[in-house]
Amino acid sequence: MSDPSETPRERTVPASPPSRGLIRDLLLAAAGGLAVLILGLLAVSLGWIDGRRERTSPSADAARPVAYFQPPPPSAIPDGPDGDAIRRGEALFMNTPANAAAFTGNSLSCVNCHLDGGRRANASPMWSAWGLYPMFRAKNGRINTMEDRIMGCFTFSMNAQASSSGGPPPAGHDVYRDLQAYMHFLATAAPSGVEMPGGGYPKVAQPAQGFDPVRGARVFAANCALCHGEDGQGRVNANGQPVFPPLWGPQSYNWGAGMARINTAAAFIKTNMPLGQTGRLSDQEAWDVAAFINSHERPKDPRQTGSVEDNARRNHTGGKTYYGQVVNGRLLGGGVR
Amino acid sequence: MEKISGGEAVFAAACSTCHQPNGVGVRGAVPPLNDPAFMEPAVLTAVILRGVEGPIRVGRETFDGAMPGFAGQLTDQDIANVASYVRRTWGGADAGVDPGAVARARAQAAGAGPWRGGRDLTRVSPALLPQPAWSGPAPLPVDGAVLALINEGRGEALACSSCHGPQGQGGDPIPRLAGLPADYIAAQLDAFAAGRRRNDQMSGVARALGPTERRALADYYSRLAAPSTATPSLDGDRALGERLALRGDWSRDIPACFACHGPSGFGGGPRLPALAAQHPGYTAAQLSAWASGQRTGDPGGLMGEVAGRLSEQDRRAIADYLAGLPSSPATVPRNRR
């Protein structure tokens, strides 16, 4: 999962002068936006939409660029060995537990956090991430290649410690080759080495009231439980096929994942949840519900060798987290299996 | 039945949401398509025509779910094409499957329900052994008073079966009820009774029923499995419907239908009904009602917002696509975690 807090990003200004394609996209987006605006005004005036849906905070709107990079469509995947690798990478991305069975310890797939197959702007799209690596990451204090970065996803977000192999794919594994082939395809003609509009999850400043899991529990019940379940364990269909991902507990991301931090989860939630209702939650609600979700126990941080307190000092000082803190009388971070 | 061209296209349209585009299935839920014993033409044909419910051993793993039969959705040629595609792509076979053999198997299968687990299938090929036994669900106790309401009615409470059919299969534009979640059906009856959902006939029926009766009827219909009787009839663009159902259109902020209503439209939770095999006139009318605000009461207003982003062409496309799917096979939602 992407980690916006590590690399502060300014997302309001396109990083390069608009190209002809970008101008076309801007015009199309402006026209589309106008239509949506008219429909929206009509809907409100006719009482179709109650006021609650109109609470998008002005700051979030202002921070949203009007046009984003467009990755190539699936139909543009070429034939031949290149295309085969891209398709294998896409399959890994969409259905990680079945396609990287030995290296995933939970039911999550890449696409759970990188929406629309890694194409969706502001859901940490792959077309943006691709050109930023190699990159120095404070998380491990060294230059990370894209392979290193994906290894981190397996280690933390896919909780590889609970997989049959006990860890992420080893360096040089075909899983990395194929996933990178897919990312490289999505980033076709994207700039390299610059922050692109729509990359990462747009940061949401901590609101005046801070964050509170008790308030967050109410936000969760009203906005999230329909899909993720009252108990946050997601839902599977009658065959056991995942429909909605679990948000805590043994089948979710572990304590080392970026998403386990309240600021990162709030950023993801604010722009992307509920699915299809961008902007429904206020900044305050996004922070509160992120705090609620991340105040539950989840698989242990695989970097922990000594005590939770010790690991909290070594690895959990970078963001807002309940790791190593006592919530409701319980020390969080011990892990669940 | 509408003929779909080549085996790959049939697979993408009919098989890939469960077995996945690369045939690997879903870990712990949907079998992979690489077990040689299942790649025999007679076995493949038998499974595709009738479906399977109950435990089945594939490779070294046992799966306990349900696959619908496609006898009503696919022609002999379609089945021959997709079985040939599966054999050649993942079964290592050169020889295809002959449509004539499919026609003979279809004649034999006429009227038969799904195969009862892997053990039943060994009658087609002993090479499938060993297979787990099928014990079947416990027979459901059905209250005579509930059956009387369904078949005879009582005053204002018209007999349910007079419109929704003896098996709850519906008949356009009357909706199919069989296999919808009990919570969802009960909530609709309550809404009709309270005037929150508007339909003259159903309001009268629901008001004439007591709360306990409404719940009992909801439980009854949720456990019914009935083959599809829906037929695409709105001249919708089914390829467009398939795209919107499987991938959505994020350029218009439209999430995939199946992102919430579950893979293959088999339902996504107690308040997220199955869509597969629903009658197209009903589906399209409901999408219009959501979009216009005539139908409300969806948690958070999500369905109203998403429906409002669909064009009239989109609605017909989606409704016709869903009408062409086999019905949800398993009627009692399970949550295994």
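Here is a short chat about a predicted model with chains A and B.

Biologist: Let's start with Arg50(B): which helix of chain B is its place in?
Modeller: Arg50(B) belongs to chain B, in a helix that covers residues 41–50. That helix is H2.

Biologist: Is Arg50(B) buried or exposed?
Modeller: A residue needs 20 or more other C-beta atoms within 10 Å to pass as buried. Arg50(B) has 23 C-beta neighbours inside 10 Å, so Arg50(B) counts as buried.

Biologist: Leaving aside neighbours within four places in sequence, which residues is Arg50(B) in contact with?
Modeller: Contact here is a matter of C-beta atoms lying within 7 Å. With the neighbours within four places in sequence set aside, the partners of Arg50(B) are Gly69(B), Ala71(B), Ala109(B), Ala112(B), Pro114(B) and Trp115(B).

Biologist: Over in chain A, what distance should helix H8 span, and how far apart are its end C-alpha atoms?
Modeller: H8 of chain A runs over residues 174–186, which makes 13 residues. At 1.5 Å a residue the expected span is 18 Å, and this agrees with the model because the end C-alpha atoms are 18 Å apart.

Biologist: How many of the residues of H8(A) are buried?
Modeller: H8(A) is mostly covered. Among its buried residues are Val175(A), Tyr176(A), Met183(A) and Phe185(A). The count of buried residues, out of 13, is 10.

Biologist: Which helices of chain A are included in what covers those buried residues of H8(A)?
Modeller: The cover includes four stretches of chain A: 80–94, 115–118, 126–129 and 146–157. In that order, they are helices H3, H5, H6 and H7.

Biologist: Now for the two chains together: which element gives the largest share of the side of chain B that touches chain A?
Modeller: In this contact, 39 residues of chain B meet 34 residues of chain A. Strand E2 (61–68), helix H12 (257–261) and helix H14 (302–308) of chain B each supply at least two residues of the chain B side. The largest share, four residues, comes from H14(B).

Biologist: And how many residues of that chain B side are nonpolar, polar and charged?
Modeller: We're sorting the side of chain B that touches chain A by class. The split is 18 nonpolar, 14 polar and seven charged.

Biologist: Chain A has two domains, so to speak of their contact, which helix gives the largest share of the domain 1 side?
Modeller: Domain 1 of chain A is 73–186 and domain 2 is 213–331, with their C-alpha centres 21 Å apart. The contact takes 15 residues from domain 1 and 16 residues from domain 2. On the domain 1 side, the largest share, three residues, comes from H7(A).

How values were computed:
Residues numbered from 1 in each chain as written. Chains lettered and ligands numbered in written order. Predicted model: local features only at pLDDT ≥ 70, side-chain atom pairs only at ≥ 80, totals over all residues. Buried ≥ 20, exposed ≤ 12 C-beta atoms within 10 Å, placed from the backbone. Contact = placed C-beta atoms within 7 Å. Expected span 1.5 Å × (residues − 1). Nonpolar A, V, L, I, M, F, W, Y, C, P; charged D, E, K, R; others polar. Domains from an automatic or database assignment.
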